[in-house]
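Subject: Structure handover

Hello,

Here is the structure I promised to pass on. Please open it beside this message, and read the notes below as you turn it.

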Amino acid sequence: MAGTAAVIGGSIGGLFAAAALRRAGWRVQVFERVGVPLSGRGAGIVTHRHLLDALAQVGADTSDLGVQVDDRVVFDHAGSHFHTLPYRQIVTSWDRMYQTLRRLIPDEDYHLGEMLAEFAEDDDGVTARFESGREARVDLLVGADGFRSAVRAQMLPDVQPAYAGYVVWRALALEADLSPEMRDRIFDVFGMFMPQGTQIVGYPIAGENNDLRPGHRRYNFVWYVPAPDADLDDMLTDDSGQTHAISIPPPLVRDEVLARVEEMAARVLPDVFRHILDNSERPFFTPIYDHLSPTFARGRVALSGDAACVARPHVGMGVTKAAQDALALARHAAGELVTGLQAYSAERVPLSRAAYERSQMLGRHMMQAPETGDPTDGRNNPNMEEIIRLTAVADF
Ligand SMILES: Cc1cc2nc3c(=O)[nH]c(=O)nc-3n(C[C@H](O)[C@H](O)[C@H](O)COP(=O)(O)OP(=O)(O)OC[C@H]3O[C@@H](n4cnc5c(N)ncnc54)[C@H](O)[C@@H]3O)c2cc1C
């Protein structure tokens, strides 16, 4: 069938679901709780062939999507290129991806400032109720409302994301602010540094307004750092003493938390990555969570994107996974809806599990001690070959 659908969540996952359903003939409304146009979440996005195919299938513009990198380079602590693997990939930015997808949804069907409160389902449809008092009566409800999904909380109340024991610090440096010598050593490659227990991934992305001209781009810095539960609570506590649940808005991160990460950077990182950090805007962190829903659908309600499954960022697949969910959802919803959604779940749960388990394996590889040699110099990770070959690679 192609009837009416409400998509909860207006970020990349929700936009993909809405675009795919619209292409299949559905009349779709998107409801996003944030009251202003979304921007700048998460900075860099690694793309894959599956993602480029999915963008083309929903009618998105993929020209000048991002910066092409041809090599993956492992740096050692001295800042030398220790190991290189040729691997061509386009790296883009969250903003570029969001804007590309947002253009596919008419403004009158995209509603900001609408937070889902609850939904009620009967034999004929689903009624979504919003905090504003608004109601939407539809044939299909899609929960694309992220890993703390309100749709999933009502559908599967026992499913809770689990903290993985480390956070990711992220930062962006302007290409123009880097010294020519550092820029030449790091900017054009997908760079990595992997001593025991921590890891850096970095790559160039477009500048402001998707500017791809050399000299106008930015460098995306991603640093995984262990943080036991007690440390995480402290990091999530702001200057007023309030401890935030799950994540803290970047401006509220205390200066002493930033000072600690800067001290660690001075001790642990090669000069190239220190230079990136020194020339970045205020870095911010996100705790890493694991989450896989046992089913992605019940009745007339489906989950997609991070609401359905979060694979740790090592696989760089969140957007691609959301795109694949969207296309599968639109395909399976074409027949009898409830049966189609069960088929959607049966297709997507195992494929999402593959990404989820791969990301956990890469997380374990990061922590493993070397059999011999200095664990801090970045040359002795026993899993280096596998990490460089499988990080941000979607081969399933
Ligand atoms: C460090 C890091 C690096 C990453 N790198 C990559 C990468 O290289 N490649 C890649 O593909 N992916 C990457 N990802 C993951 C990727 O960003 C996400 O998986 C992807 O954007 C899909 O997100 P989503 O739209 O499902 O969820 P979200 O982005 O969380 O969006 C959910 C939306 O729902 C809204 N919402 C929540 N509750 C409600 C409610 N009750 N009512 C209405 N709206 C609601 C929220 O405001 C939000 O806008 C990375 C993630 C991190 C943390």
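Start with a charge over a ring. Arg72 lies over the face of Phe190, 4.5 Å from the ring centre. There is another such case: Arg102 has its charged end over the ring of Tyr110, 4.0 Å from the centre. Please keep in mind that this is a predicted model.

**Aromatic rings**

How many aromatic pairs are there? The count comes to 12. Take Trp94 and Tyr98 as one of them. Their ring centres are 5.1 Å apart and their planes meet at 10°, so this pair is stacked, the cut-off being under 30 degrees. Both residues belong to helix H3, which covers residues 94–102. They are 4 residues apart, about one turn of the helix. Are they buried or exposed? Trp94 is buried, with a relative accessible area of 7%. Tyr98 is buried too, at 6%.

Phe221 and Trp223 make an aromatic pair of the edge-to-face kind. Their centres are 6.3 Å apart, with 80° between the planes. Phe221 has a relative accessibility of 1%, so it counts as buried; the limit is under 20%. Trp223 is also buried, at 1%. Look around this pair as well. Ring pairs join Phe221 and Trp223 with Phe75 and Phe273 in a cluster.

**The ligand**

Now go to the ligand. It is surrounded by 32 residues. Which of them are the closest? They are Gly13, Glu32, Val46, Asp306 and Val319. The residues of this shell divide into 16 nonpolar, 9 polar and 7 charged.

Here are some polar atoms to check. The side chain of Ser11 has an N or O atom 3.1 Å from an oxygen atom of the ligand. A polar backbone atom of Leu116 is 2.9 Å from a nitrogen atom of the ligand. For Gly316, a polar backbone atom is 3.0 Å from a nitrogen atom of the ligand.

How much of the ligand does the protein bury? Taken alone, the ligand exposes 1,000 Å², and the protein buries 88% of that.

Which elements give two or more residues to the shell around the ligand? Two helices are on the list: H1 (12–23) and H9 (318–332). The strands are S2 (27–32), S3 (44–46) and S11 (162–174).

**Buried polar side chains**

Next, some single residues. His275 is in helix H8, residues 271–278. Its relative accessibility is 16%, so His275 counts as buried under the 20% limit. Compare its place with that of Val58. The two are 217 residues apart along the chain, and their C-alpha atoms are separated by 40 Å.

Thr295 is in the loop between strand S15 (284–292) and strand S16 (297–298). Thr295 counts as buried, at 15% relative accessibility. What lies by its side chain? The backbone oxygen of Ala297 is 3.0 Å from a polar atom of the Thr295 side chain.

Asp211 is in another loop, between strand S13 (199–205) and strand S14 (218–226). Asp211 is buried, with a relative accessible area of 18%. Its side chain makes a polar contact of 2.8 Å with the side chain of Arg213.

**Backbone angles**

Last, two backbone angles. Most residues other than glycine have a negative phi. Asp64 is not a glycine, yet its phi is positive, about 45°. Where is Asp64? It lies in the loop between helix H2 (49–57) and strand S4 (67–75). Asp64 counts as exposed, at 62% relative accessibility.

Asn210 is not a glycine either, and its phi is positive at about 55°. Asn210 is found in the loop between S13 and S14, where Asp211 also lies. Is Asn210 buried or partly exposed? At 25% relative accessibility, Asn210 counts as partly exposed.

**Where to look**

For a quick tour, begin at the stacked pair of Trp94 and Tyr98. Go on to the cluster of Phe75, Phe221, Trp223 and Phe273. Then see the ligand, with Ser11, Leu116 and Gly316 among the residues to pick out. End in the loop between S13 and S14, at Asn210 and Asp211.

Best wishes

Notes
Residues are numbered from 1 along each chain as its sequence is written. This is a predicted model: local features need pLDDT of at least 70, side-chain atom pairs count only at pLDDT 80 or more; totals for chains, interfaces and linings use all residues. Side-chain values use heavy atoms; hydrogens and water are left out. Rings of Phe, Tyr and Trp (its six-membered ring) pair if their centres lie within 6.5 Å; planes under 30 degrees apart count as stacked, over 60 as edge-to-face and the rest as tilted. Buried means under 20% relative accessible area, exposed over 50%, partly exposed in between (1.4 Å probe, protein chains only). A charge sits over a ring if NZ of Lys or CZ of Arg is within 6 Å of the ring centre and within 35 degrees of the ring normal. A residue is near a molecule or strand if one of its heavy atoms lies within 4 Å of it. A polar contact is a pair of N or O atoms within 3.5 Å; within protein, one must be able to donate a hydrogen and the other to accept it, and residues adjacent in sequence count only if both atoms are side-chain atoms. Accessible areas come from the Shrake-Rupley method with a 1.4 Å probe; for residues, only the protein chains shown count as cover. Ala, Val, Leu, Ile, Met, Phe, Trp, Tyr, Cys and Pro count as nonpolar, Asp, Glu, Lys and Arg as charged, and the others, Gly among them, as polar.
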